[in-house]
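Biologist: Thanks for sitting down with me. Could you walk me through this model, one question at a time?

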Amino acid sequence: MEFWHLFRAGGLMMYPLVIASIAVVAIFIERFNYYKKCRSDTQLITGMLREYIPGGKFDELADALAKDGGIPASVILDGVKCIHLKADQNELIEGASSRAVGELRKYLNYLDTIVTLSPLMGLLGTVIGMVESFNVLSTAQGQPFAITGGVAEALVCTGTGLFVAILSLLAYTYLSQKVSEFIVQIETLDSLYLSFMKGR
C-alpha cells in the first residue's frame, strides 16, 4: 500500500520509469543467461588447435568446436568450415569475430540509454511537480498545504529516476565486463588459429 501511495505521488513520469526498470531487469537476465550458455573452454580449444591443425585433422577440429558450442569456438569454426574453399582465413575470422562481438553487445546500448534517460525523466517529474506547487501558490483561494503534494511528486520522481539509473549502470558495467572477457578469449584464439594456419 505504501508503494502504491508513493507511486501515485510520483505522478505520470513514474510509469515510464517503472517500464525502464523492468527493461533493465529483463535485459540483464537475458544477457546473463546468454553469456552463461556461450562460454568456451579456451584451454581445451588451445590444445586442440595445437594438435589438430599441424596434422591437418580439420574434420575432427570442426566436430570438437561444434561440440563446445561457445562463441569463441564458433568464430574458429567458421574458419575451419571454409578451409577447403581457398578463402582468406584472416578475412573469414575477422568477419566472424565482428559478428560474434555484435551478438555479445546486443541490447547493451539500451542500458546505456536508460542510464542517461532515467535521471532526465526524474528531473522532468520534478519540474512538473514544482509547477503544480507554484500553481497552488498562485491560486487566490488555494490551500497552502497542498503544496506538499507537488513537492512529494518532485522528490519521488527524482529518487526513482536516480534509482533506475544506478540499477542500469550496475547492470551495464557487469555485462560490459563479461563482453570484454569474451573479446579477449576470441582475440586470443583467433591469433593462435591464424598463426598455426600460417605454420602449416
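Biologist: Let's start at a single residue: is leucine 12 buried or exposed?

Modeller: Happy to, and please keep in mind that this is a predicted model. Leucine 12 sits in the loop between helix H1 (2-10) and H2. Its relative accessible area is 69%, and the cut-off for this class is over 50%, so leucine 12 is exposed.

Biologist: How far apart in space are leucine 12 and glycine 125, C-alpha to C-alpha?

Modeller: Along the sequence, 113 residues separate the two. In space, the C-alpha distance between leucine 12 and glycine 125 is 7.6 Å.

Biologist: Stepping back, which secondary structure elements make up the protein, and in what order?

Modeller: The protein has zero strands. Its helices number eight. Read from the N terminus, the order is therefore α-α-α-α-α-α-α-α.

Biologist: What share of the contacts with a separation of 6 or more links residues 24 or more positions apart?

Modeller: One example of a distant pair is tyrosine 34 and glutamate 103, which are 69 residues apart along the chain and touch each other. For the protein, pairs 24 or more positions apart make up 79% of the contacts with a separation of 6 or more.

Biologist: Which helix gives the largest share of the largest nonpolar core?

Modeller: This core has 49 residues, and those touching the most other members include Tyr35, Leu61, Leu104 and Tyr193. At least two core residues each come from H2 (14-37), H3 (42-52), H4 (58-68), H5 (71-81), H6 (89-104), H7 (108-138) and H8 (147-198). The largest share, 14 residues, is supplied by H8.

Biologist: Which residues does tyrosine 193 contact, leaving aside neighbours within four places in sequence?

Modeller: Tyrosine 193 is among the core residues that touch the most other members, and so are two of its partners, Leu49 and Val80. With those neighbours left aside, the full list for tyrosine 193 is Leu49, Ile53, Ile76, Gly79, Val80, Ile83, Gln89 and Ile93.

Biologist: How far apart are the end C-alpha atoms of H2, and what span should its residues give?

Modeller: H2 has 24 residues, and at 1.5 Å a residue the expected span is 34 Å. That figure agrees with the model, where the end C-alpha atoms of H2 are 35 Å apart.

Biologist: Why does tyrosine 34 count as buried?

Modeller: Tyrosine 34 lies in helix H2, whose buried residues also include Leu17, Val24, Ile27 and Tyr35. Beyond four places in sequence, tyrosine 34 touches Ile71, Glu103 and Leu104. The cut-off for buried is under 20%, and tyrosine 34 meets it because its relative accessible area is 19%.

Biologist: What is the phi of tyrosine 107?

Modeller: Tyrosine 107 is found in the loop between H6 and H7 and is partly exposed, at 30% relative accessible area. Its phi is positive although the residue is not glycine, with a value near 75°.

Biologist: Lysine 106 is in that loop too; how far is its C-alpha from that of isoleucine 27?

Modeller: Lysine 106 is partly exposed, at 36% relative accessibility, while Ile27 is one of the buried residues of H2. The two are 79 residues apart in sequence, and their C-alpha atoms are separated by 9.5 Å.

Biologist: Which helix gives the most residues to the lining of the largest pocket?

Modeller: The pocket holds about 200 Å³ of space, and its lining includes Phe32, Tyr35, Arg39, Tyr174, Lys178 and Glu181. By residue class, the lining divides into four nonpolar, two polar and four charged. Two elements, H2 and H8, give two or more residues, and the most, five residues, come from H8.

Biologist: One last residue: is glutamate 187 buried, partly exposed or exposed?

Modeller: Glutamate 187 has its place in helix H8, and its C-alpha is 9.5 Å from that of glutamate 94, 93 residues away in sequence. Its relative accessible area is 48%, between the 20% and 50% cut-offs, so glutamate 187 is partly exposed.

How values were computed: Residues are numbered from 1 along each chain as its sequence is written. This is a predicted model: local features need pLDDT of at least 70, side-chain atom pairs count only at pLDDT 80 or more; totals for chains, interfaces and linings use all residues. Side-chain values use heavy atoms; hydrogens and water are left out. A nonpolar core is a set of buried Ala, Val, Leu, Ile, Met, Phe, Trp, Tyr and Cys residues joined through side-chain atoms within 4.5 Å. Buried means under 20% relative accessible area, exposed over 50%, partly exposed in between (1.4 Å probe, protein chains only). Helices (H or I, at least four residues) and strands (E, at least two) are DSSP runs, numbered from the N terminus. Contact means heavy atoms within 4.5 Å. The expected span of a helix is 1.5 Å times one less than its number of residues. On a 1 Å grid over the protein atoms alone, a cavity is a set of points where a 1.4 Å probe fits but cannot get out, and a pocket is an open set with protein on both sides within 12 Å along at least five of seven lines; lining residues have an atom within 4 Å of a point. Grid points are joined across faces, edges and corners, and a volume is the space filled by probe spheres set on the points. Ala, Val, Leu, Ile, Met, Phe, Trp, Tyr, Cys and Pro count as nonpolar, Asp, Glu, Lys and Arg as charged, and the others, Gly among them, as polar.
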